[in-house]
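Trainee: I should like to go through this model with you and ask how each term is justified.
Mentor: Please do; we shall set each value against its definition.

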Amino acid sequence: MQPQIVLLKEGTDTSQGKPQLVSNINACQMIVDAVRTTLGPRGMDKLIVNAQGKATISNDGATIMKLLEIIHPAAKTLVDIAKSQDAEVGDGTTSVVLLAGEFLKQVKPFVEEGVHARIIIKAIRKSLQLCMDKINEMAVRIEKQSKEEQRTLLEKCAATAMSSKLIHQQKDFFARIVVDAVLSLDELLPLNMIGIKKVTGGSLEESQLVSGVAFKKTFSYAGFEMAPKSYAPCKIALLNIELELKAERDNAEVRVDNVREYQKIVDAEWQILYNKLAKIVESGANVVLSKLAIGDVATQYFADRDIFCAGRVPEEDLKRTMKACGGAVMTTANDIKADVLGLCETFKEVQVGGERFNLFQGCPNAKTSTLILRGGAEQFLEETERSLHDAIMIVRRTIKHDSVVAGGGAIEMELSRLLRDYSRTIAGKEQLLIAAIAKGLEIIPRQLCDNAGFDATNILNKLRQKHSLGGQWYGVDITKEDISDNFEQCVWEPSIIKINALTAAAEAACMILSVDETIKSPKAGEAPMAGGMGRGMGRPM
């Protein structure tokens with residue numbers, strides 16, 4: 001009898017083999033159930049309260065996944081794919097989690113019957129390849145048409161992205177705003193050049209898009225109200241300089257033996273500040289923005305000379321102002337000349353709800369814009385911002401990859417039909433597995449029906465029939481409780497969403513299936529497992 005060799009330290013928990021796979025799949029089902037009902041135009045929202053008691057109401061898959069504290073290691077992969085979908089495409093985060101979960105659910109019976117995980121993974125990869133080819137073949141390329149046609153297309157994609165969000169009532173209003181915002185960017189479409197500011201109060205329809213930069217009035221000192229609140233044209237000095245008298249260093253020692261000497265030290269300090277201010281005024285700027293504080297002496301000084309100033313401007317706002325109006329952020333007052341100033345046509349301070357905003361409009365190289373959102377409750381505004389983020393990402397993607405497919409479960413049904421037909425032409429275990437994945441794809445239209453309270457079985461039967469007769473764009477029509485040609489209905493999504501979602505879901509499913517053992521080390525300071533002995537590889541459970 002060979003002695004057993006235990007290579008794991010005491011208290012290490014291992015679970016392995018088929019039960020491990022099944023338990024991983026079950027854990028993923030739990031996650032899917034958490035976001036299942038948020039899919040689609042009739043999706044419900046989730047109210048998540050974190051440990052600090054902050055409540056978030058959201059319908060965005062990625063946001064919900066981030067806020068759920070998921071401990072199970074296999075289920076965490078689903079969170080990762082939701083995050084990756086959010087970062088890459090911006091929308092389709094709920095779909096990707098649903099698809100991954102459903103693929104796993106459909107192959108679970110095969111795992112339990114003892115089909116080797118590798119065979120299942122091979123079948124998933126094969127199905128994915130077939131789906132990719134089909135999407136690329138079906139996707140409708142948008143020729144680079146006239147500006148107007150491109151615009152309507154982008155608005156339709158933005159409206160589809162928002163139809164499942166909290167703001168679906170105002171989707172046409174916001175679709176226009178989002179498209180304007182994205183079209184105002186340069187070729188690279190940087191996301192951080194669209195600022196989103198939230199002001200509670202007012203109705204959603206009062207939201208506005210400022211082509212240029214807008215930010216909240218910053219903390220200001222005495223003398224601020226005397227400064228003018230609008231200029232046309234406007235020259236902006238962008239600074240990273242502190243314009244206030246510093247308190248003396250505590251540990252500096254200066255020995256003076258009479259009052260005049262002391263007065264000189266004080267005067268020197270004032271002089272330094274006044275020299276800086278004079279140089280800024282000389283440059284001809286009439287708006288001074290600084291990242292650091294502008295004290296009351298400086299505020300008063302500028303106000304007397306009809307100059308508007310704002311200190312402690314957030315860095316992102318300062319950068320966006322620089323991008324829009326030109327100029328440079330200066331770190332010393334000595335180099336401020338007319339050529340480093342930013343220019344814009346009009347500057348004004350306006351009241352928006354309970355906040356004051358500084359608006360810079362008519363910027364010469366306005367490659368930036370700011371959305372000022374209005375709405376009732378704080379949570380509502382946050383959710384609106386998340387919804388608009390999805391829509392903005394979609395419009396960016398559509399501009400870059402100009403091919404679209406029909407949404408509303410149409411593309412999933414078509415891929416499901418393709419895989420089902422393909423599975424009938426091959427022999428062996430793969431036939432059953434590919435058919436299972438074909439069934440898994442139907443989760444999207446099925447969930448759309450369930451969330452809207454329709455009879456899913458009935459509608460899916462109609463869809464299967466339509467697709468087998470060649471109606472490839474038929475999907476669920478939420479408004480009529482029936483099926484319709486979603487391409488004609490303008491329910492459009494960029495094909496990149498679907499490609500990304502399917503790839504991520506298939507990868508996640510393969511990854512979870514390829515794990516057959518979890519080995520957990522105990523945290524430091526924990527007692528080893530009961531019984532005092534770790535379970536060796538060979539000992540029975």
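Mentor: The discussion below takes up a helix, a pocket, the backbone, the cysteines and the domains.

Trainee: What should I know about the model beforehand?
Mentor: It is a predicted model, in which local features need pLDDT of at least 70 and side-chain atom pairs count only at pLDDT 80 or more, while totals for chains, interfaces and linings use all residues. Residues are numbered from 1 along each chain as its sequence is written, and side-chain values use heavy atoms, with hydrogens and water left out.

Trainee: How do you know that the length of helix α5 agrees with its number of residues?
Mentor: Helices are DSSP runs of H or I with at least four residues, strands are runs of E with at least two, and both are numbered from the N terminus. The expected span of a helix is 1.5 Å times one less than its number of residues. For the 22 residues of α5 (residues 117-138) this gives 32 Å, and the end C-alpha atoms are 31 Å apart, so the two agree.

Trainee: Why is Cys-131 called buried?
Mentor: Buried means under 20% relative accessible area, exposed means over 50%, and partly exposed lies in between (1.4 Å probe, protein chains only). Cys-131 has 4% relative accessibility and therefore counts as buried. The buried residues of α5 include Cys-131, as well as Ile-124, Ser-127 and Leu-128.

Trainee: What makes a space in the protein a pocket?
Mentor: On a 1 Å grid over the protein atoms alone, a pocket is an open set of points with protein on both sides within 12 Å along at least five of seven lines, whereas in a cavity a 1.4 Å probe fits but cannot get out; lining residues have an atom within 4 Å of a point. The largest pocket is lined by 47 residues, and Pro-41, Thr-160, Ser-163, Lys-171 and Val-491 lie nearest its centre. The largest share of this lining, seven residues, comes from α6.

Trainee: What makes Arg-312 and Glu-481 notable in the backbone?
Mentor: Most residues other than glycine have a negative phi, and most peptide bonds are trans. Arg-312 is not a glycine, yet its phi is positive, at about 55°; Arg-312 is found in the loop between β11 (308-310) and α10 (315-325). Glu-481 also has a positive phi, near 50°, and lies in the loop between β18 and β19 (482-485). Arg-312 counts as partly exposed because its relative accessibility is 41%, and Glu-481 is partly exposed at 46%.

Trainee: Which peptide bond is cis?
Mentor: The bond joining Ala-232 and Pro-233 is cis, with omega about -15°. Pro-233 lies in the loop between β8 (230-231) and β9 (234-239).

Trainee: How do you know how many disulfides there are?
Mentor: A disulfide is a pair of cysteine sulfur atoms within 2.5 Å, and by this rule the count is zero. Cys-28 is in no disulfide, for the nearest cysteine sulfur, that of Cys-510, is 13 Å away. The sulfur of Cys-131 is 12 Å from the closest one, in Cys-510, and is therefore too far for a bond. Cys-28 has a relative accessible area of 0% and so is buried.

Trainee: Where do the domain bounds come from?
Mentor: They come from an automatic or database domain assignment, which gives domain 1 (13-141 + 405-520) and domain 2 (212-365). The C-alpha centres of domain 1 and domain 2 lie 54 Å apart.
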